[in-house]
Amino acid sequence: MASGFLVLLSFFTQIPIGKKIEYNEENLKKALGLYSLMGAVIGIILFIIAYISNLVFADYVKGIVLTIGYLIVTGGIHLDGSADSADGLFSGRTGNRIFEIMSDSHIGAFGVLCLIIIVLTQSILFSNIDIFTIFLMPIVGRTSVIVSSFDKKYAKKTKGMGTVFIEGITTEVFLINLLILAICCIIVPNRLVVLISSFITLFIAYLISNWIENKIGGMTGDTCGFITEISQLIFMVIVLFMKGLLWYI
């Protein structure tokens with residue numbers, strides 16, 4: 001499982017892992033139970049960036065620094081999928097034409113709008129959120145993908161890494177990732193707020209994935225990236241909302 005976890009880090013982040021890791025389907029399947037834990041690794045890096053930024057930068061600069069830091073750590077892999085998904089899903093087309101649009105190397109209007117909305121919103125939210133929520137954000141995002149892909153099939157006819165990922169999410173993988181998220185929520189301050197916010201986010205991500213399934217018949221690697229980015233924003237918005245709500249009570 002350890003080598004599989006390195007495969008996850010190697011393919012889904014830009015974190016140097018010291019040696020070249022070759023893609024292996026079996027290792028990837030075995031490591032899917034640790035997918036949320038990979039989010040914790042990203043979260044720790046963002047936590048450190050946020051802690052230092054709080055000491056030396058104004059809030060709006062902290063948001064920009066964290067956004068750039070997140071892009072560097074992840075390599076923007078999920079943003080690419082988000083743009084492709086937005087172009088295809090909002091194109092108004094049906095059937096295979098959606099897949100053709102999603103596979104087009106050129107970015108369309110919906111893809112550009114999606115990237116602008118995600119990056120700007122993320123930067124604003126990073127400026128206003130506490131460092132513990134920043135730590136949890138990538139964990140929630142990756143758990144949302146597990147929940148969204150659970151019991152769904154790979155939508156494209158051609159097989160690839162996305163097939164192994166989506167169809168490799170068993171009940172055991174599903175439960176382990178939920179447990180990792182719950183433990184991470186419990187060890188931080190405001191545990192009730194972040195725990196409730198996390199599971200509301202998972203539910204919304206599940207509803208979005210059902211909408212995607214109705215349009216294209218399942219999930220793809222691109223739609224997983226879309227779910228990751230959108231659910232992270234939803235989580236931070238809900239945390240801010242709940243904290244504001246508690247302040248008035």
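The side chains of Asp130 and Lys243 meet in a salt bridge, with N and O 2.5 Å apart. That pair ties together distant parts of the chain, since Asp130 sits in the loop between H7 and H8 while Lys243 belongs to helix H12, 113 residues apart. Please keep in mind that this is a predicted model. Here is a tour of its salt bridges, two of its helices, two buried lysines and a few backbone details.

**Salt bridges**

- The structure holds 2 salt bridges.
- In the Asp130–Lys243 bridge, Asp130 is partly exposed, with a relative accessible area of 22%.
- Its partner Lys243 is also partly exposed, with a relative accessible area of 27%.
- Glu100 and Arg97 form a salt bridge as well, and their closest N and O atoms are 3.1 Å apart.
- Both Glu100 and Arg97 lie in helix H6, 3 residues apart, or about one turn of the helix.
- Glu100 counts as partly exposed because its relative accessibility is 48%, and Arg97 is partly exposed with a relative accessible area of 37%.

**Helix H4**

- How well does the span of H4 agree with 1.5 Å a residue? The 16 residues of this helix, 59–74, should span 22 Å, and the end C-alpha atoms are indeed 22 Å apart.
- The buried residues in H4 are Lys62, Gly63, Leu66, Thr67, Gly69, Tyr70, Val73 and Thr74.
- Seen down the axis of H4, these buried residues fall within an arc of 165°, so they line one face of the helix.
- Tyr60 and Ile72, on the other side of H4, are exposed.
- The cover over the buried residues of H4 includes helices H1 (2–12), H3 (35–56), H5 (77–89), H7 (109–128), H8 (131–149) and H12 (221–248).
- Gly75, just after H4, takes a positive phi of about 70°.

**Helix H11**

- H11 runs over residues 191–216, and its 26 residues should span 38 Å at 1.5 Å a residue; the end C-alpha atoms are 37 Å apart, which agrees.
- Its buried residues are Val193, Val194, Ser197, Ser198, Thr201, Leu202, Ala205, Ile208, Ser209, Ile212 and Ile216.
- These buried residues of H11 pack against H5, H6 (96–103), H8, H10 (171–186) and H12.
- Just after H11 comes Gly217, with a positive phi of about 90°.

**Two buried lysines without a salt bridge**

- Lys152 is found in the loop between H8 and H9 (161–167).
- Why does Lys152 have no salt bridge, given that the nearest side chain of opposite charge is Glu213? Glu213 is 4.4 Å away, and a salt bridge needs the nitrogen within 4 Å of a carboxyl oxygen, so the pair does not count.
- The side chain of Lys152 does have polar company: one of its polar atoms lies 3.3 Å from the backbone oxygen of Ser148, and a polar contact of 3.2 Å joins it to the side chain of Ser209.
- Leaving aside residues up to four places away in sequence, Lys152 touches Ile166, Tyr206, Ser209, Asn210, Glu213 and Met219.
- Lys156 has its place in the loop between H8 and H9.
- Lys156 is buried and has no salt bridge, with Asp222, the nearest side chain of opposite charge, 4.4 Å away.
- With residues up to four places away in sequence not counted, Lys156 touches Phe99, Ser103, Thr220 and Asp222.

**Leu181 in helix H10**

- Leu181 lies in helix H10, and with 0% relative accessibility it counts as buried.
- Leu181 and Ile139 are 42 residues apart in sequence, while their C-alpha atoms are 6.5 Å apart in space.
- Ile139, Val140, Thr143, Ser198 and Leu202 are the residues Leu181 touches, not counting residues up to four places away in sequence.

**Positive phi outside glycine**

- Asp151 is not a glycine, yet its phi is positive, at about 65°.
- This aspartate is in the loop between H8 and H9, and at 69% relative accessibility Asp151 counts as exposed.
- Asn190, likewise a residue other than glycine, has a positive phi near 55°.
- Asn190 is in the loop between H10 and H11, and at 44% relative accessibility it counts as partly exposed.

Technical notes:
Residues numbered from 1 in each chain as written. Predicted model: local features only at pLDDT ≥ 70, side-chain atom pairs only at ≥ 80, totals over all residues. Heavy atoms only, no water. Helix = DSSP H or I, 4+ residues; strand = E, 2+ residues; numbered from the N terminus. Expected span 1.5 Å × (residues − 1). Buried < 20%, exposed > 50% of the residue type's maximum accessible area, 1.4 Å probe, protein only. Arc of directions from axis to C-beta. Contact = heavy atoms within 4.5 Å. Lys, Arg positive; Asp, Glu negative; His and termini not counted. Polar contact = N/O pair within 3.5 Å; in protein donor to acceptor, adjacent residues only side chain to side chain.
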